[in-house]
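Colleague: I should be grateful for a close look at one part of this model, namely the packing between two of its helices and the aromatic residues around it. Please begin with the overall fold and then turn to that part.

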Amino acid sequence: MIRSGNPALKESTFLDLGSGTVVSRDAGAMTLNGTVNKTGILLLLSVLTAAFAWTQSVVTGPDGTAMVAPGVTIYALGGAIGGFILAMVTVFKKTWSPVTAPLYALVEGFFLGAISAVFELKYPGIVFQAVVMTFGTLGALLAAYRSGLIRATENFKLGVVAATGGIALVYLVSMGLRLFGKDIPLIHESGLVGIGFSLFVVVIAALNLVLDFDFIESGVEAGAPKYMEWYGAFGLMVTLVWLYIEFRRLLAKLQSRD
């Protein structure tokens, strides 16, 4: 998704002509607490639909064992496509984020619940591990960012954005090759190269959290309009979803080696 430490805030931002500093805003401005609260709302919405999709994605087979339900594809593909469309709308229409961000969370929950149920059947315990690692990483990086150990400098942003774009390109090429029954060798396998690639992607996904923190902090300091709380929460949600998926993929590769 688009990341920036300098969001356009002209709708509610004005400068003091004498000092050139941003004048303090009223209650209609973006706040840190408001963004945190809205992030919590988005996470709760995604958990609700994920739990529903999970229950619909697993059924009991004739022998009494759990198995994947035939309709799991509907939740997985529907959630993935719907989430992508809503994410694009939110990126290009930030003013719509109070509506599109919650809708994105709901739809993305269906996708996460379905694929998580499938992976849990194959690798028991993997979902809990991925969730713990995701939020553990969030907490650790937030603490590092607030303490100043990690700073979102321009070079840092450039490196993370470039690496993220490279990963996106690799995934797009991989998706295109799969349409013809082929795939990029090694990186999706459970060998050392595949595990190393997943570790690299996890690190880059985690570092995107720092860009999210910087985006939110910059918006609050500059007095961004109130709807940017939803947009900031949406950006953080997108990164957390990506990080969770990559942790789950890494754990699956590791467990498949046992």
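Modeller: The model is a predicted one, and its elements follow the order α-β-β-α-α-α-α-α-α along the sequence. In total, the protein has 7 helices and 2 strands. Of its 258 residues, 43% are buried. Among contacts with a separation of 6 or more, 79% join residues that are 24 or more positions apart. The accessible surface amounts to about 13,400 Å², and carbon and sulfur atoms contribute 71% of this area.

The part to examine is the packing of helix H3, residues 97–122, with helix H7, residues 228–256. Their axes come within 10 Å and cross at roughly 10°. Because angles under 35 degrees count as roughly parallel, H3 is roughly parallel to H7. On the H3 side, the contact is made by Ser97, Pro98, Ala101, Pro102, Tyr104, Ala105, Glu108, Phe111, Leu112, Ile115, Ser116 and Phe119. H7 contributes Trp230, Tyr231, Phe234, Met237, Val238, Val241, Tyr244, Ile245, Arg248 and Ala252. Sorted by class, the contact of H3 with H7 comprises 18 nonpolar, 2 polar and 2 charged residues.

Aromatic residues deserve separate attention here. Tyr104 of H3 takes part in the contact, as do Tyr231 and Phe234 of H7. These residues, Tyr104, Tyr231 and Phe234, also belong to one aromatic cluster together with Phe215.

The structure holds 9 aromatic pairs, and one of them involves Phe52 and Phe110. The ring centres of Phe52 and Phe110 are 6.3 Å apart and the planes stand at 80°, so this pair is edge-to-face. Phe110 lies in helix H3, whereas Phe52 lies in helix H1, residues 32–57. The pair thus links distant parts of the chain, with the two positions 58 residues apart. Phe52 has a relative accessible area of 42% and is therefore partly exposed. Phe110 is likewise partly exposed, with a relative accessibility of 27%.

A further position concerns helix H6, residues 192–222, in which Gly196 lies. The C-alpha atom of Gly196 is separated by 9.1 Å from that of Leu250, although the two residues are 54 apart along the chain. With a relative accessibility of 34%, Gly196 counts as partly exposed.

Definitions and conventions: Residues are numbered from 1 along each chain as its sequence is written. This is a predicted model: local features need pLDDT of at least 70, side-chain atom pairs count only at pLDDT 80 or more; totals for chains, interfaces and linings use all residues. Side-chain values use heavy atoms; hydrogens and water are left out. Helices (H or I, at least four residues) and strands (E, at least two) are DSSP runs, numbered from the N terminus. Buried means under 20% relative accessible area, exposed over 50%, partly exposed in between (1.4 Å probe, protein chains only). Contact means heavy atoms within 4.5 Å. Accessible areas come from the Shrake-Rupley method with a 1.4 Å probe; for residues, only the protein chains shown count as cover. Axes are lines fitted to C-alpha atoms, for helices over the stretch in contact, and angles run from 0 to 180 degrees between N-to-C directions. Angles under 35 degrees count as roughly parallel, over 145 as roughly antiparallel, 65 to 115 as roughly perpendicular and the rest as oblique. Ala, Val, Leu, Ile, Met, Phe, Trp, Tyr, Cys and Pro count as nonpolar, Asp, Glu, Lys and Arg as charged, and the others, Gly among them, as polar. Rings of Phe, Tyr and Trp (its six-membered ring) pair if their centres lie within 6.5 Å; planes under 30 degrees apart count as stacked, over 60 as edge-to-face and the rest as tilted.
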